[in-house]
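The exercises below are meant to be worked with the sequence and the model side by side. Try each task before reading its solution.

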Amino acid sequence: MAILLSKRFLQITVLTVCLSCIGFFSTAQKINKPPAQESWTKPYQSFRIAGNLYYVGTYDLACYLITTPQGNILINTGLAESVPMIRKNIEALGFRFADIKILLATHAHFDHVAGMAAIKKATGAKMMINENDAPVLADGGNSDYVFGGRGSTFAPVKADRILHEHDTVRLGGMQIIVLHHPGHTKGACSFLFDVKDEKRPYRVLIANMPTILEETKLSGMPTYPDVGKEYGHTFEAMKALQFDIWLASHASQFGLHEKRKPGDGYHPEVFMDKPGYDSALNKLQQEYFKRLGDK
Ligand SMILES: [Zn+2]
């Protein structure tokens, strides 16, 4: 009898555990993925941009690897399905995926951070993000001022370090200055740092270009009343920046495919395009002025 009872108990326990597992996995997987553009998922061959800085993203979703003797830094991940592509791109350059120690993001939208959870789990890297995007990253985008309120659009990640304006991220001799450029998201950031090759040093700007989503009302959004004002500050701050190489969150924003064809050799100078940056920023600011009057 006692054996029968305990057997029964065991069956019930196993069943309960299994049911709660199913429950856990179905909640864990409940991610409402927004539609992706074809250029976001299209593969692209990784390449050396300048010094110890490499492009490891997809055709349009830019991801950057900075290598150091103490491990590597990955900036942006693209979509969740981009992760195997990023891994392949890193390994094709002769680096180890497991050597990623720090994860950074230009902003917490699914097309740049949806792979963070998987990469963090696989590598144990530390996630660092601006204080104003940290809550959005932690709830999978549900508190985003435009895309929010629809549950998670990507797997949530709790930050290991919260970044503030002008903080420095350090690893293996690299110093990355964090520039808070809010508007596109509350915690959008650009990154400024130096790399060098056999010939010369380069100051690199990975810019989060202040594009304005169609849904954004610059007169104020319910959870971001100051959005118009913050965009205004961002334009002024970005116009004052000095650098040699300009890169951005999307390849299309800095004209990667006009500047470089797959298989091209090492030519950092093609990305030394301050006039291109000024003109792109100007165009966005014109749109900003136009939309400031919209209600
Ligand atoms: Zn975005």
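**Exercise 1. In what order do the seven strands of the open sheet lie, and what is the sense of their pairing?**

Before starting, note that this is a predicted model, in which local features need pLDDT of at least 70 and side-chain atom pairs count only at pLDDT 80 or more, while totals for chains, interfaces and linings use all residues. Residues are numbered from 1 along each chain as its sequence is written.

Step 1. The elements are DSSP runs numbered from the N terminus, with at least four residues for a helix (H or I) and at least two for a strand (E); the protein chain has nine helices and 12 strands.

Step 2. Two strands are taken as paired if DSSP finds at least two bridges between them, and the seven strands then follow the order E1-E2-E3-E4-E5-E6-E7 in an open sheet of mixed pairing. Strand E1 (47-50) and strand E7 (161-163) stand at the edges with a single partner strand each, so one side of each has no neighbour in the sheet. From one strand to the next, the twist averages 25 degrees.

Step 3. Within this sheet, strand E4 (residues 71-75) and strand E5 (residues 100-104) are joined in the parallel sense over four bridges, and Leu74 has Leu103 in E5 as its bridge partner. Helix H5 packs on the sheet, where it touches E4, E5 and strand E6 (126-130), and its direction makes about 160 degrees with that of E5; such angles run from 0 to 180 degrees between N-to-C directions, and axes are lines fitted to C-alpha atoms, for helices over the stretch in contact.

**Exercise 2. Which residues of helix H3 (residues 83-92) are buried, and is Ser46 buried or exposed?**

Step 1. The criterion counts other C-beta atoms, placed from the backbone, within 10 Å of a residue's own: 20 or more make it buried, 12 or fewer exposed, and a count in between partly exposed. Of the 295 residues of the protein chain, 41% count as buried.

Step 2. In H3, the buried residues are Val83, Met85, Ile86, Arg87, Asn89 and Ile90, and their cover includes strand E3 (64-68) and helix H5 (116-123). After H3 comes Gly94, which has a positive phi, near 95 degrees.

Step 3. Ser46, in the loop between helix H2 (38-41) and E1, counts as buried because it has 21 C-beta neighbours inside 10 Å. Apart from neighbours within four places in sequence, the contacts of Ser46 (C-beta atoms, placed from the backbone, within 7 Å) include Tyr54, Asn89 and Ile90. The C-alpha atoms of Ser46 and Thr58 are separated by 8.5 Å, although these residues are 12 apart along the chain.

**Exercise 3. How are the strands of the open sheet of five strands ordered, and how does the chain cross from E11 to E12?**

Step 1. The order is E8-E9-E10-E11-E12, again with mixed pairing. Strand E8 (168-171) and E12 are the edge strands, each with a single partner strand, so one side of each is left without a neighbour in the sheet.

Step 2. Strand E9 (residues 174-180) and strand E10 (residues 189-196) run antiparallel and are joined by four bridges, with His180 opposite Cys189 in E10. E10 and E11 also run antiparallel, joined by six bridges; they form a hairpin with four residues between them, and Asp194 stands opposite Arg203 in E11.

Step 3. Strand E11 (residues 201-207) and E12, by contrast, run parallel over four bridges. Leu205 faces Trp246 in E12, and Ala207 stands opposite Ala248 in E12. In E12 (residues 245-248), Ile245 and Leu247 point one way and Trp246 and Ala248 the other, and all are buried. The chain passes from E11 through helix H7 (residues 227-239) to E12 in a right-handed β-α-β crossover, meaning that, with the strands pointing away from the viewer, the path from the first strand over the helix to the second runs clockwise.

**Exercise 4. At what angle do the axes of H7 and helix H9 (residues 274-292) cross, and which residues make the contact?**

Step 1. The two axes come within 11 Å and cross at roughly 160 degrees.

Step 2. H7 and H9 are therefore roughly antiparallel to each other, given that angles under 35 degrees count as roughly parallel, over 145 as roughly antiparallel, 65 to 115 as roughly perpendicular and the rest as oblique.

Step 3. The contact involves Gly228, Tyr231, Phe235, Met238 and Lys239 of H7 together with Leu281, Gln285, Tyr288 and Leu292 of H9.

Terms used
Contact = placed C-beta atoms within 7 Å.
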